[in-house]
Amino acid sequence: MYDPMLDDSPGCGIEYPSSYWADICGANKGNKPEDDGSLEQDINVDVAIIGAGYTGLSCALHLAREHGIKAHVFEANQTAWGCSGRNAGFILKSSGRKAYSTMQKQWGEEVMRGIYNEMCAGVETVNSLINEGIDCDQQAAGYIKVAHKPNMFKSLQAQAKLQQQMFGYDVQVLSKQELHQNFMADENAYGAIRYQDGFGLNPLKLAWGYQKLARKAGVKVHTSTPVSFSETQEKSRVLLTTPKGTVKAKKVVIATNGYTPKGLHPLVTNRTLPVLSQIIVTEPLTTEQLAACNFLTSNVVMDTRALKYYYRKLPDNRILFGGRGAITGKNSDDPYYAQRLLSVLKTSFPALQNLKYNYAWSGWICMALDDLPHIYQGEKGRVDEHIFYAMGYCGSGVSFSVQAGKRLAEKVAGKPTPNLPLYNKALPKFPFAPLRRVGQWGYFHYGKIKDNYF
Ligand SMILES: Cc1cc2nc3c(=O)[nH]c(=O)nc-3n(C[C@H](O)[C@H](O)[C@H](O)COP(=O)(O)OP(=O)(O)OC[C@H]3O[C@@H](n4cnc5c(N)ncnc54)[C@H](O)[C@@H]3O)c2cc1C
């Protein structure tokens, strides 16, 4: 598997991974949405966007609709071949991993509220785009956070109280018994809190829907077109190289998140850590199996572990179950990681001892050193002034990436963006960057001990 820490290109024209989403959409059987094909000649463009995931497509869509700029999007493989076509499809009012209480301490209440408003705006934008006619199998609203330890239930209750006070957020507290009776009998849960507004959807259909809207607005999407920055650059144009043509762009947007290849551009080098998240999708549960677990809900579920597990019941009664994967791309297909997820699922639902999984795949999420996504323009007056990026969603970008793309479009169009650390600071560099994976390995061990014993 492509490994962004080691490889200098994600490939060219590679098919979608054999995920549940690709399968039910027929993505590798010719049922892909129309695009503009690979780039076959040299072109001059106003804006070139690298990466056709949610960020790139949202940036292109908003540039066209709100600023009259028709961008060209260049994707190495297929539309949403990266995270956007292989995630769990949880729409949540959050991104990054930084707690609001930490933001409040670090930057004060106004900034914390500003960031919260941007996260809410992300969900609103996703909803309004879906309402333009994107069919993406939305499920009933509700996001359940389960406590994997009794002390974590206390901390969830405190979190609920804080969010009710700070944001007037409607958060329900559920005892273990209430959870088991009304949602699902997860034996690993010691209680939970439930937000009314998260939901699950088909992430690949969502991305394809964005592409359709963007192309309708005049955007060109070139798939099978991996891009690198040319070694020689002109003063007023950024030169990009693709296998069959050169692109001269007034402005370039890097929207490659966890799939950013090694050495793509100095602005993003050593500023992210790609980490594999693994998903399995089981065979459909029978009526008896569903009844044995009292699996009533199709709400999206996440636990409180440092190394989180997440799951949801899909519309065809399969369970999607996810958690951390291998450390390197080379080991990503080792069935050990999928088996481990299945074993944990069975500890949550002991009645499912004979359940098998039908699909297993993984993808690179994009960690940032400060646990926060950053939407950034190279420093004015410097050679990088014409280069922009948005990345660092830390595994939670399905909804916020659309807002990031919208803000990115404002930056590209020279319009002001809110004065928030999301939009006015570069991604911090990782110290001892070559040792990032050693740090990750250490964190996984720390997480295992913390989750089991504290
Ligand atoms: C297993 C998994 C589960 C997840 N679940 C959730 C979830 O439930 N909820 C949530 O909020 N978030 C989730 N996420 C995270 C979420 O999917 C991402 O934050 C989001 O999709 C990022 O979108 P993006 O457009 O920035 O990047 P991507 O979708 O990764 O797109 C980047 C694209 O850039 C392309 N590219 C890279 N280099 C080049 C190049 N040189 N030239 C041309 N193209 C290039 C890649 O091929 C790729 O298609 C999950 C991620 C994974 C991996």
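## Around the ligand

Thr55, Glu75, Ser84, Val227 and Val398 come nearest of the 38 residues around the ligand, where being near takes a heavy atom within 4 Å. This is a predicted model, so local features need pLDDT of at least 70 and side-chain atom pairs count only at pLDDT 80 or more, while totals for chains, interfaces and linings use all residues. Residues are numbered from 1 along each chain as its sequence is written, and side-chain values use heavy atoms, with hydrogens and water left out.

By class, the shell has 21 nonpolar, 15 polar and two charged residues. Here Ala, Val, Leu, Ile, Met, Phe, Trp, Tyr, Cys and Pro count as nonpolar, Asp, Glu, Lys and Arg as charged, and the others, Gly among them, as polar. As for secondary structure, α2 (54-67), β12 (273-282) and β16 (357-367) each chip in at least two shell residues, and β16 gives the most, with three. These elements are DSSP runs numbered from the N terminus: helices are H or I with at least four residues, strands E with at least two.

## Polar contacts and cover

Three polar contacts (pairs of N or O atoms within 3.5 Å) are worth a look. A polar side-chain atom of Thr55 sits 2.6 Å from a ligand oxygen. Cys83 uses its backbone instead, with an N or O atom 2.9 Å from an oxygen of the ligand. From Asn87, a side-chain N or O atom lies 3.2 Å from a ligand oxygen.

On its own, the ligand has 1000 Å² of accessible area, and the protein covers 98% of that (Shrake-Rupley method, 1.4 Å probe).

## Helix α5

Helix α5 runs over residues 150-167, 18 in number, and spans 26 Å from first C-alpha to last, close to the 26 Å expected at 1.5 Å a residue; that expectation is 1.5 Å times one less than the number of residues.

Its buried residues are Met152, Phe153, Leu156, Ala160, Gln163, Met166 and Phe167. Down the axis of α5 they fall within an arc of 155°, so they line one face of the helix; the arc is that of the directions from the helix axis to the C-beta atoms. On the other side, Lys154, Lys161 and Gln165 are exposed. Buried means under 20% relative accessible area, exposed over 50%, and partly exposed in between (1.4 Å probe, protein chains only).

## Two positive phi angles

Asp371 isn't a glycine, yet its phi is positive, about 60°. Asp371 lies in the loop between β16 and β17 (374-377) and, at 26% relative accessibility, counts as partly exposed.

Cys394, also a residue other than glycine, has a positive phi near 55°. Its loop is the one between β18 (387-391) and α10 (400-412), and at 7% relative accessibility Cys394 counts as buried.

Conventions: Polar contact = N/O pair within 3.5 Å; in protein donor to acceptor, adjacent residues only side chain to side chain.
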